[in-house]
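Let's take a quick look at this protein chain, with an eye on its charged side chains.

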Amino acid sequence: MSAPSVSTRASSSTAPGWRREAAWRRRDRRWGYAFVGPQLIGMGLFVVVPFLASLVLAFAHWDGLSDLNWVGFDNFGAELADPLFGRAILNTLLIAIITVPIGLALAVTIAVALEKLKTRTLYLVLFFAPVVTSTVAVAMMWQQMFRADGVLSSAISTIFGIAPPDWLQDPRLALIAVCIVTIWSSLGLNVIIFLAGLQNISPSVIEAARIDGAGAWRLFTAIRLPLLSPIVFFSSVIAFISSLQTFDTVYVLVRNAGPDNATRTIVYHIYDLGMKKFDFGLSSAASIILLLLTLVITGIQFAAQKKFVHYEDDPA
């Protein structure tokens, strides 16, 4: 009787091990599903289902009580022709155009200033505090400062010898006040991101540039800023998307849409239509338009990154 082949003995000896490994993998997979399951359920209930509902309601007229009436693209036409929605789009774009460049420029400047500072941890905590503070609390604090008898208005009146401005009641200043609060509340996160990027730059590259005679400004513009461009791109995309979703600061700081709808944003417009006027069709149509606007702006940013974003492994 011939002996079993080597391959047969090997397969029979390794089969139990493979079965044990497969069982371990199945057990590990079940635990993974157990941990991920609540997140998937929450995303399904609070993200996917509302999105699909908005997509359906955008083509219908419904107040939450009466029957659903299909109106086709009438909601989109009504919103695009609504001057209030046009004002909301303009205000939202102004907030994004003002806050994103200024906020990122300040964050880069502060990060460079803190890079070599030994006590930068304390400053980072101070800068990051507004990020983890409730937006409502931040808005209420600035609301007191922007009053005509507030600290900021009184300081301006004393320094320039003019009547103290009432930021929140002046249509020309209300939007600027929203921009100031937005920049201040998001500054700390960008500072930490840029500081991490600066510390990730190879010291040999900086040293080589200094040997070649590069000064501080040339070192920043020709070496550090190009190497930071991926982080600048990432932060700008996130900041633009966040600016397009501005709501809570406007709602609390200037109490709804502000004087003469000076701070009416797209998200506030959606809230006004849906939660105040109970016109869920128009509200859903406005939200779909906001989604398309966000996709267009993000697409433009991704298309433009080829001209200003430089990665370390790019070919020379």
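What follows goes from the overall fold to the salt bridges.

Keep in mind that this is a predicted model. The protein chain has 12 helices and two strands. Reading from the N terminus, you get one helix, then the two strands, and helices from there on.

As for overall shape, the radius of gyration is 27 Å, whereas a compact globule of 316 residues would sit near 20 Å. The C-alpha trace spans about 110 × 75 × 35 Å along its principal axes. Of the 316 residues, 34% count as buried. Among contacts with a separation of 6 or more, 66% involve residues 24 or more positions apart. The exposed surface comes to about 19100 Å², and carbon and sulfur atoms supply 68% of it.

Now the charges. There are 23 positive and 20 negative side chains, with the centres of the two sets 14 Å apart. The structure holds five salt bridges, including these:

| Salt bridge | N to O distance |
|---|---|
| Arg224 and Glu115 | 2.9 Å |
| Arg147 and Asp149 | 3.0 Å |
| Arg264 and Asp272 | 2.7 Å |

Arg224 and Glu115 meet in a salt bridge. Arg224 belongs to helix α9 (residues 216-244) and Glu115 to the loop between α3 (83-114) and α4 (120-132), so the pair ties together parts 109 residues apart in sequence. Arg224 counts as buried at 11% relative accessibility, and Glu115 counts as buried at 11% too.

Over at the Arg147 and Asp149 pair, Arg147 is partly exposed at 37% relative accessible area, while Asp149 is exposed at 53%.

Arg264 and Asp272 are both buried, and a network of salt bridges links them with Lys277.

Notes:
Residues numbered from 1 in each chain as written. Predicted model: local features only at pLDDT ≥ 70, side-chain atom pairs only at ≥ 80, totals over all residues. Heavy atoms only, no water. Helix = DSSP H or I, 4+ residues; strand = E, 2+ residues; numbered from the N terminus. Rg over C-alpha atoms; globule rule 2.2 N^0.38 Å. Buried < 20%, exposed > 50% of the residue type's maximum accessible area, 1.4 Å probe, protein only. Contact = heavy atoms within 4.5 Å. Areas by Shrake-Rupley, 256 points an atom, 1.4 Å probe, with all protein chains shown as cover. Lys, Arg positive; Asp, Glu negative; His and termini not counted. Charge placed at Lys NZ, Arg CZ, Asp CG, Glu CD. Salt bridge = Lys/Arg side-chain N within 4 Å of Asp/Glu carboxyl O.
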